[in-house]
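Me: I have a structure open on my screen and would like to walk through it with you. Could we take it one question at a time?

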Amino acid sequence: MSAVPGTSPVPVVLAGARGHGRWHVANLRRLERAGLVRLAGICELTPLTEQEAGGELPEQSADFGALLDSTGARIAVICTPIPTHTDLALTAARRGVHLLLEKPPAPSYDEFRRMADGVEEAGVACQIGFQSLGSHAVPAIRELVAEGAIGEVVGIGAAGAWVRDEAYFRRAAWSGKRRLNGADVIDGALTNPLAHAVATALALGGTARAEDVTGIETELSHANDIEADDTSCVRIGTARGHRVTVAATLCAERAEEPYVLVHGSSGRVTFWYKQDRVLLQRGGHGPEEFQHGRTDLLENLVDHLTTGTPLLVPPAETGAFMRVVEAIRRAPDPEPLPAAAWHRVPGEGRRVVPGIDALVAAAADTLCLYSELGAPWAPRTEHPRHEVSTR
């Protein structure tokens, strides 16, 4: 994408430029070179150096509202701790500043609604930062399904087996927390690091809006010394009649590419969403693999403002994901796994749950929860799961 002739670069302020924010700094510099945006300001408690900012320093301030005013920003990118998202988004919206808001958009459904309603009332555009939903594979898979390439959709599974060391959960005061200083955080495997697996699975099934969810079952646990979950699964009932099961862990034996699996009555589609790679398998045909491109969500937001292109991920399209966040928030606190269920990897400072990689894959393949797959550490009661009605 290149700048529209006759238009000036759009001034952008970035709130939160360290941690994952470093990715946004690099992306903004890329879009600067393309003439699409101008990095007008950075909001951080401690100012960035030129090296951290990737070039000449823009205006910096710890006061987000004042920075938006002084820079004349038209877009704000918010990549700050989860509990701050709603208030910062509304600070921008009240000034008529459009938004790219990192995922998860809020730590609770009420906070999400407060943000989304405030943004709508202000009349500004808001893009939620689920980058996987910018993949061209998403509409391509939807088209395959609509054409009947795999028959009727009978369910959708997603698998995320990742490796995170113990230091990951000490990277910030809110890391691995369910609550901090009385405020919801809900920084679990399914709601933050592997949130894309949940959102992408819901989107591929056409169940992205809040009203598309009929019920949610959760199984939440942790091997690390944290409050939130690092090994968990969720099963979502949908208005379309199929189930969506997402299994995740940050304690994998080895890191694998996360994927979403669309099960059909006569075939299936596998989507490795970080790679934009798709595998189609169906009766009477050999396997077919496709590689797709991707639209950057900030580029899409700029395009929306300059040419009217529809937003790829407006808040309404993340309502179902936020129902999952709310179910996890309302569920009993995750259970610590027994000491016999995990071990430390010598020299790597991380905890591993033996057998979890196979369980994650099996959950996506069968749409079953860990307890149903016979995980030795999973709940054994007759009704082991916490279910939340969303109707």
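Me: Happy to have you here! How many bridges join β11 to β12, and do these strands run parallel or antiparallel?
Reply: A word first: this is a predicted model. In it, β11 and β12 pair side by side, and Ile 236 stands opposite Val 244 in β12. The number of bridges joining β11 to β12 is seven, and the direction of the two strands is antiparallel.

Me: Which residue takes a positive phi in the hairpin of β11 and β12?
Reply: The hairpin of β11 and β12 has four residues between the strands. The positive phi there is near 95°, and the residue that takes it is Gly 241.

Me: β12 also pairs with β7, so which residue stands opposite Thr 249 in β12?
Reply: Strand β7 covers residues 153–161 and is joined to β12 by seven bridges. These two strands run parallel. The residue of interest, opposite Thr 249 in β12, is Ala 161.

Me: How many of the seven residues of strand β12 are buried?
Reply: Strand β12 spans residues 243–249, and a residue counts as buried when its relative accessible area is under 20%. The strand is largely enclosed by the rest of the structure because the number of its residues that are buried is six of the seven.

Me: Let's turn to charges. How many salt bridges does a search of the whole structure find?
Reply: Side chains of opposite charge can pair when their charged atoms come close. Asp 184 and Arg 329 form one such salt bridge, with their closest N and O atoms 3.2 Å apart. Over the whole structure, the search gives a total of 25.

Me: Asp 184 forms a salt bridge with Arg 329, so how many residues apart in sequence are the parts that this pair ties together?
Reply: Asp 184 lies in strand β9, residues 183–184, and Arg 329 lies in helix α9, residues 319–330. Arg 329 is partly exposed, at a relative accessible area of 22%. Because the two partners lie in these two elements, the pair ties together parts whose separation in sequence is 145 residues.

Me: Which residues are linked with Asp 184 and Arg 329 in a network of salt bridges?
Reply: Asp 184 and Arg 329 belong to a network of salt bridges. The other members are Arg 178, Arg 179, Glu 326 and Asp 333.

Me: Is Arg 235, the salt-bridge partner of Glu 372, buried or exposed?
Reply: The closest N and O atoms of Glu 372 and Arg 235 are 2.9 Å apart. Glu 372 sits in the loop between α10 and β20, and Arg 235 sits in strand β11, 137 residues away. Glu 372 counts as partly exposed at 37% relative accessibility. Arg 235 has a relative accessible area of 7%, and the cut-off is 20%, so Arg 235 is buried.

Me: How far apart are the closest N and O atoms in the salt bridge of Arg 268 with Asp 365?
Reply: Arg 268 is in strand β14 and Asp 365 is in helix α10, 97 residues apart. Arg 268 counts as partly exposed at 29% relative accessibility, and Asp 365 does too, at 40%. The distance between their closest N and O atoms is 2.7 Å.

Me: Now for empty space. Which residues are the closest to the centre of the largest pocket?
Reply: About 1,200 Å³ of space lies in the largest pocket. Its lining has 38 residues, with 17 nonpolar, eleven polar and ten charged. Helices α1 and α4 each supply at least two of them. The closest to the centre are Arg 18, Gly 19, His 20, Cys 79 and Glu 102.

Me: Which element gives the largest share of the lining of the second largest cavity?
Reply: About 50 Å³ of space lies in the second largest cavity. Its lining has eight nonpolar, one polar and one charged residues, and the residues include Phe 130, Leu 133 and Glu 317. Both α7 and α9 give two or more residues to the lining. The largest share, three residues, comes from α7.

Me: One last stop: how far apart in space are Gly 284 and Pro 310, C-alpha to C-alpha?
Reply: Gly 284 is found in the loop between β15 and β16. At 82% relative accessibility, Gly 284 counts as exposed. Gly 284 and Pro 310 are 26 residues apart in sequence, and their C-alpha to C-alpha distance in space is 38 Å.

Notes: Residues numbered from 1 in each chain as written. Predicted model: local features only at pLDDT ≥ 70, side-chain atom pairs only at ≥ 80, totals over all residues. Heavy atoms only, no water. 1 Å grid on protein atoms, 1.4 Å probe; cavity = no way out; pocket = protein on both sides within 12 Å on 5 of 7 lines; lining within 4 Å. Points joined across faces, edges and corners; volume = space filled by probe spheres on them. Nonpolar A, V, L, I, M, F, W, Y, C, P; charged D, E, K, R; others polar. Salt bridge = Lys/Arg side-chain N within 4 Å of Asp/Glu carboxyl O. Buried < 20%, exposed > 50% of the residue type's maximum accessible area, 1.4 Å probe, protein only. Pairing = 2+ DSSP bridges.
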